[in-house]
Each structure stands twice: as structure tokens, then as C-alpha cells.
Amino acid sequence: MAKLNVAPTKSNLLHMKEQLSIAQDGYDLLEQKREILVMELMRMVEKVKLLEHDLEKQIQSAYPALRNMLMTVGGDRIERISHAVQYDFDIIEKNVTIAGMGFSTIEVKLPQRELFYSFLGTSADSDKVMVEFFELLRLLTEMASIRTIVWRLAMEVRKTQRRVNALDKMVIPQTRETKVYIESVLEERERENVFVLKSLKSRQGRN
């Protein structure tokens with residue numbers, strides 16, 4: 001690792017010592033941040049896995065319900081029912097803090113189910129389909145929010161890791177090597193000065 005191109009002076013030595021201390025403190029703080037981010041990322045990844053399981057289970061429940069409804073009332077009747085059904089879904093934006101970072105998440109507020117069609121020509125499958133797909137919508141919305149958080153956490157982990165590596169592999173070694181170099185030059189100068197002073201005193205003693 002090449003040292004920094006600075007003059008070997010006492011003021012630069014003090015500056016290098018200060019820079020080295022700051023770099024080492026920064027490394028420790030960034031390493032702590034990286035560990036916290038990784039822990040939170042792993043926690044959110046586990047949450048995604050659980051949600052994927054719930055989604056798969058919900059899909060296996062919702063689409064068979066729709067298929068049963070198709071077989072019971074027929075496609076034409078389902079299309080007429082779908083035109084009659086009108087729901088407004090509120091998407092709520094929320095701010096959450098994870099590992100000191102702020103994230104915007106969304107949550108769907110499911111409306112209360114209403115009866116938009118008559119009981120004639122329908123069956124219990126109609127209500128079941130509505131319930132199943134409401135829940136599927138809720139899970140999909142939650143998954144979208146969590147996946148966004150996971151992506152941003154992963155990006156922050158990579159960015160923090162790059163900074164940790166830069167301090168560990170470049171900044172700290174360069175600063176330390178420069179500090180050692182300046183110290184060695186100053187010590188050599190000090191020895192030369194001592195030698196010169198001794199020589200002068202020796203000459204004065206002989207005169």
C-alpha cells in the first residue's frame with residue numbers, strides 16, 4: 001500500500017494521527033451499522049418467506065373457489081355479477097423506521113363487503129370468492145411493501161460494505177503507513193540533530 005504524498009513534518013504527523021483515529025472510529029461505526037443492517041435484512045427476508053407461504057396457500061384457496069363458482073353459476077352470470085360489484089380500496093401510505101432508516105410502506109384498507117347482487121342465480125361460492133380474493137389482495141399489498149424494504153436494505157448493506165472495505169483496505173493502511181513514514185523521518189532527523197549537537201559540543205570542548 002503506497003503512502004500518501006505529504007511532507008514529513010510534525011504538523012502533518014499530528015494530522016495523520018488525527019485522520020487515522022477518525023478513520024478507525026468510522027470503520028468501527030460502519031461495521032456496527034453493517035451488522036445491524038444485515039440482521040434486519042435477514043429478519044425481513046424471513047418475513048418474505050412466511051408471506052410467500054401464506055400467498056401460495058391463499059392462491060390455492062382463492063382460485064379453486066373461483067373455479068367452483070364458474071362451474072356453479074356459469075361464466076355469463078359471473079360476468080354480470082362482476083359488473084354489479086363496485087368497491088373502493090383505500091391505499092394508505094405509512095412511514096416505518098428500520099435500522100435507523102426511514103421507509104414508506106403501503107397498506108390496503110379493505111372495504112366492508114356489501115351485497116351488490118340478488119341471491120337469485122348465485123350461491124355461497126360467490127361470497128367465498130369475494131372473501132378469498134380480498135385476503136389475496138391484502139397479502140399481495142403487504143408483500144409489495146416488504147419486498148421494497150428488503151431491496152433498499154440490501155442496497156444499503158452493499159453501500160455500507162463498500163465503505164467498510166475502503167476504510168479497511170485503503171484509507172486506514174495508507175494513513176497508518178504515512179504516519180509510520182513521517183515518524184521514521186522525524187526520528188532520523190532527530191538522531192542527526194543529536195549527532196550534530198554532540199559533534200559541536202565535542203569540537204567546542206577541544207578548543
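**A walk through the chain, starting with helix α1**

Let us begin with helix α1, which covers residues 10–73. At 1.5 Å a residue, its 64 residues should span 94 Å, and the C-alpha atoms at its ends are 91 Å apart, which agrees. Right after α1 comes Gly 74, with a positive phi near 90 degrees. Please keep in mind as you look around that this is a predicted model.

With that helix in view, we can turn to the chain as a whole. The chain has 3 helices and 2 strands. Read from the N terminus, the order of these elements is α-α-β-β-α. The strands are β1 (90–98) and β2 (101–109), and helix α3 takes up residues 124–206.

How do contacts in the chain relate to the sequence? Among contacts with a separation of 6 or more, 81% involve residues 24 or more positions apart. One example of a link between distant parts can be followed through aromatic rings. A pair of aromatic rings is described by two things, the distance of the centres and the angle of the planes. The structure holds 1 aromatic pair. Its partners are Tyr 63 and Phe 133, with ring centres 5.2 Å apart and planes at 75 degrees; planes over 60 degrees apart count as edge-to-face, so this pair is edge-to-face. Because Tyr 63 lies in α1 and Phe 133 in α3, the pair ties together parts that are 70 residues apart in sequence.

Are these two rings' residues buried or exposed? The answer lies in between: Tyr 63 has a relative accessibility of 42% and so counts as partly exposed. Phe 133, with a relative accessible area of 25%, is partly exposed too.

Now step back to the surface. Of the 207 residues in the chain, 29% are buried. The accessible surface of the chain is about 14,200 Å², and carbon and sulfur atoms account for 55% of that area.

Our last stop is the largest pocket, which holds about 320 Å³ of space. Its lining is made up of 16 residues, and those closest to the pocket's centre are Thr 105, Ile 106, Glu 142, Ser 145 and Ile 146. Which elements give two or more residues to this lining? They are α1, β1, β2 and α3. The element that gives the most is α3, with 6 residues. Helices α1 and α3 thus come up twice on this walk: they carry the partners of the aromatic pair, and they help line the largest pocket.

Terms used: Residues are numbered from 1 along each chain as its sequence is written. This is a predicted model: local features need pLDDT of at least 70, side-chain atom pairs count only at pLDDT 80 or more; totals for chains, interfaces and linings use all residues. Side-chain values use heavy atoms; hydrogens and water are left out. Helices (H or I, at least four residues) and strands (E, at least two) are DSSP runs, numbered from the N terminus. The expected span of a helix is 1.5 Å times one less than its number of residues. Rings of Phe, Tyr and Trp (its six-membered ring) pair if their centres lie within 6.5 Å; planes under 30 degrees apart count as stacked, over 60 as edge-to-face and the rest as tilted. Buried means under 20% relative accessible area, exposed over 50%, partly exposed in between (1.4 Å probe, protein chains only). Contact means heavy atoms within 4.5 Å. Accessible areas come from the Shrake-Rupley method with a 1.4 Å probe; for residues, only the protein chains shown count as cover. On a 1 Å grid over the protein atoms alone, a cavity is a set of points where a 1.4 Å probe fits but cannot get out, and a pocket is an open set with protein on both sides within 12 Å along at least five of seven lines; lining residues have an atom within 4 Å of a point. Grid points are joined across faces, edges and corners, and a volume is the space filled by probe spheres set on the points.
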